[in-house]
Amino acid sequence: MKVFVIPVTPFQQNCTLLVCEATHHAAVVDPGGDVERIVQAIEQEKVTLEKVFLTHGHLDHCGGAKAIAARYGVPIEGPQVDERFWIDQLATQSQRFGFPPAEPFEPDRWLVDGDTVRFGNESLDVYHCPGHTPGHVVFVSSAHRIALVGDVLFAGSIGRTDFPRGNHADLIASIRTKLWPLGDDITFVPGHGPTSTFGEERRTNPFVADGVRA
Ligand SMILES: [Zn+2]
C-alpha cells in the first residue's frame, strides 16, 4: 500500500491518499479542502478512487468530502454517528473560518468500533477513539503497520478537548487502551504535522508517555 500525505486547507491538515499497489485502486482519508490538489494527486498517480474515509467531522478534515465523493461517484465511510452534530455545522463553520462554502452531508456508512473498511485488496480496521470529538475513528492497516489517527494523537502532542463534547479523560483512554496495544512499531499519520510511531510517543510524548499521569 502506498501512502501519500497531502496537506490541505489553511490548517495544513494531512489529507492522505492510500493506494492499493495490486489494483491501483485508492481511498482518500480526510479530504478537508483544496479539492483540486487532491484531484491532482489522484490523477498524477493514475489511480481509481473507490472510497472516501473520514476520521471525524471537523471542517478541516471533511470540508471537501462531499465534493470529492460527488466528483468520482464514490461513497463516504465514517466517522462514527456521534459526529453528526459537527457535520451538520459545516456551512456555519466554513463561514466562520473563511473556508470555501462546505455543505452538510450524510455519510453512506457510519462506522462503529470493530468495523473494517476496504478498497482494492486492502482493508483497514476501525477503532472508535472518542475524546477530541465524540465520534472520532482511527483507521489501522495491521498488515502495513500504519495508522491514520486524525486529531487523536500527534508527534509530541494530543488532540484538543476544549470543543463541545470533547473529553480529556476519554482521549487519554482512547490512546492508551485502543492505540498502544496495536504495537510500538505502528507508524501513524496524524491530522497535522509530521508522522511518528506509537513506540516513540510512548517514550517521549509529554501527555501520554508511559509513566505520565493522566
Ligand atoms: Zn479535529
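1. Let me start with the sheet that caught my eye. Five strands make up an open sheet with mixed pairing, in the order E1-E2-E3-E4-E5. Its edge strands are E1 (2-8) and E5, each of which pairs on one side only. A word on terms: strands (E, at least two residues) and helices (H or I, at least four) are DSSP runs numbered from the N terminus, and two strands pair if DSSP finds at least two bridges between them.

2. Before going further, the ground rules. This is a predicted model, in which local features need pLDDT of at least 70 and side-chain atom pairs count only at pLDDT 80 or more, while totals for chains, interfaces and linings use all residues. Residues are numbered from 1 along each chain as its sequence is written.

3. Back to the sheet, strand by strand. E1 and E2 run antiparallel and are joined by seven bridges; Val 3 has Leu 18 in E2 as its bridge partner. The hairpin of these two strands has four residues between them, and Thr 9 there takes a positive phi near 70°. E2 and E3 also run antiparallel, with five bridges, and Cys 20 is matched with His 25 in E3.

4. Which strands does helix H1 lie across? H1 lies across E1, E2, E3 and E4, and runs at about 160° to E1. H3 packs on the sheet as well, touching E3, E4 and E5, with its direction at about 150° to that of E4. These angles run from 0 to 180 degrees between N-to-C directions, using lines fitted to C-alpha atoms, for helices over the stretch in contact.

5. H3 (residues 65-72) deserves a closer look. Ala 65, Lys 66, Ala 67, Ile 68 and Ala 69 are buried in this helix; a residue is buried if 20 or more other C-beta atoms lie within 10 Å of its own, exposed if 12 or fewer, and partly exposed in between, with C-beta atoms placed from the backbone. The buried residues of H3 pack against strand E3 (25-29), helix H1 (35-44), strand E4 (48-53), helix H2 (59-62) and strand E5 (76-77). After H3 comes Gly 73, with a positive phi near 65°.

6. Ala 27 is a good residue to click on in strand E3. Ala 27 counts as buried because 26 C-beta neighbours lie inside 10 Å. Not counting residues up to four places away in sequence, Ala 27 touches Leu 18, Glu 50, Lys 51, Phe 53 and Phe 119; contact here requires C-beta atoms, placed from the backbone, within 7 Å. Ala 27 and Val 74 are 47 residues apart in sequence, with 9.6 Å between their C-alpha atoms.

7. What about the nonpolar core? The largest one has 54 residues, and Ala 26, Val 28, Val 138, Phe 139 and Ala 147 touch the most other members. Its largest share, five residues, comes from strand E2 (residues 13-20). Such a core is a set of buried Ala, Val, Leu, Ile, Met, Phe, Trp, Tyr and Cys residues joined through C-beta atoms within 7 Å. Beyond its neighbours within four places in sequence, Ala 26 has contacts including Leu 17, Ile 42, Val 47 and Phe 119.

8. There is another open sheet to compare by eye. Six strands form it in the order E6-E7-E8-E9-E12-E13, again with mixed pairing. Strand E6 (116-119) and strand E13 (196-197) are the edges, each pairing on one side only. Strand E9 (residues 146-150) pairs with strand E12 (residues 187-190) in the parallel sense over four bridges, and Ile 146 stands opposite Thr 187 in E12.

9. For a contrast with Ala 27, try Ser 94 in helix H5 (residues 90-96). Is Ser 94 buried or partly exposed? Ser 94 is partly exposed, because 17 other C-beta atoms lie within 10 Å. Its contacts, leaving aside neighbours within four places in sequence, are Leu 59, Gly 63, Phe 99, Pro 100, Pro 101 and Ala 102. Asp 60 is 34 residues from Ser 94 along the chain, and their C-alpha atoms are separated by 9.0 Å.

10. Finally, the whole chain. The protein chain has seven helices and 13 strands, and buried residues make up 45% of its 214 residues. The C-alpha trace spans about 45 × 40 × 30 Å along its principal axes. UniProt, in an unreviewed entry, lists residues 12-192 as "domain: Metallo-beta-lactamase"; the end C-alpha atoms of that span lie 6 Å apart. Annotations of this kind may be inferred rather than shown by experiment.

Technical notes:
Two residues are in contact if their C-beta atoms, placed from the backbone, lie within 7 Å.
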